[in-house]
Amino acid sequence: IFTKRFNEVLKISGKTQVEIAKAIHVTKQCVTDYKMGKSVPSLETLYLLCKFLEVSADYLLGLSDF
């Protein structure tokens with residue numbers, strides 16, 4: 001469910017993969033891997049991702065619907 005919700009949030013945010021990668025201190029390829037479901041972020045990276053995209057970790061992980 002992470003991959004699906006991550007892609008939804010990315011689309012809504014209007015942020016580029018490069019912007020996200022810089023903000024969460026990973027490579028663009030790493031963000032691509034998250035989008036494609038090839039990997040998931042570490043806890044620290046998930047925290048940075050949520051702050052940057054202004055979304056809850058619970059939502060991205062499928063624990064809540066908002």
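**Exercise 1.** Is His 25 buried or exposed? Determine also where His 25 is found and what is notable about its phi.

*Solution.* The model under study is predicted.
Step 1: the relative accessible area of His 25 is 65%. Since exposed means over 50%, His 25 is exposed.
Step 2: His 25 is found in the loop between α2 (17–24) and α3.
Step 3: the phi of His 25 is positive, about 65 degrees, although His 25 is not a glycine. For comparison, most residues other than glycine have a negative phi.

**Exercise 2.** Describe the phi, the location and the accessibility of Glu 54.

*Solution.*
Step 1: Glu 54 has a phi near 55 degrees, a positive value in a residue other than glycine.
Step 2: the loop that holds Glu 54 runs between α4 (43–53) and α5 (57–60).
Step 3: with a relative accessibility of 74%, Glu 54 counts as exposed.

**Exercise 3.** Determine how the axes of α1 and α3 are arranged, and which residues meet.

*Solution.*
Step 1: helix α1 covers residues 2–13 and helix α3 covers residues 28–36. Their axes come within 7 Å and cross at roughly 120 degrees.
Step 2: angles of 65 to 115 degrees count as roughly perpendicular and those over 145 as roughly antiparallel. The crossing therefore makes α1 oblique to α3.
Step 3: on the α1 side, Phe 2, Thr 3, Phe 6, Asn 7 and Leu 10 take part; on the α3 side they meet Val 31, Tyr 34, Lys 35 and Met 36.
Step 4: sorted by character, the residues of this contact of α1 with α3 comprise 6 nonpolar, 2 polar and 1 charged.

**Exercise 4.** Carry out the corresponding analysis for α2 and α3.

*Solution.*
Step 1: the axes of α2 and α3 come within 8 Å, crossing at roughly 110 degrees.
Step 2: α2 is therefore roughly perpendicular to α3.
Step 3: Gln 17, Val 18, Ile 20, Ala 21 and Ile 24 in α2 meet Lys 28, Val 31, Thr 32, Tyr 34 and Lys 35 in α3.
Step 4: the contact of α2 with α3 consists of 6 nonpolar, 2 polar and 2 charged residues.

**Exercise 5.** Which side chain of opposite charge is nearest to Asp 33, and how many Å away is it?

*Solution.*
Step 1: Asp 33 lies in helix α3 and is buried.
Step 2: the nearest side chain of opposite charge is Lys 38, 4.7 Å away.
Step 3: a salt bridge requires a side-chain nitrogen within 4 Å of a carboxyl oxygen; Asp 33 has no salt bridge.
Step 4: leaving aside residues up to four places away in sequence, Asp 33 touches Lys 38 and Ser 39.

Key. Residues numbered from 1 in each chain as written. Predicted model: local features only at pLDDT ≥ 70, side-chain atom pairs only at ≥ 80, totals over all residues. Heavy atoms only, no water. Axes fitted to C-alpha atoms, helices over the stretch in contact; angles between N-to-C directions. Helix = DSSP H or I, 4+ residues; strand = E, 2+ residues; numbered from the N terminus. Parallel < 35°, antiparallel > 145°, perpendicular 65-115°, else oblique. Contact = heavy atoms within 4.5 Å. Nonpolar A, V, L, I, M, F, W, Y, C, P; charged D, E, K, R; others polar. Buried < 20%, exposed > 50% of the residue type's maximum accessible area, 1.4 Å probe, protein only. Lys, Arg positive; Asp, Glu negative; His and termini not counted.
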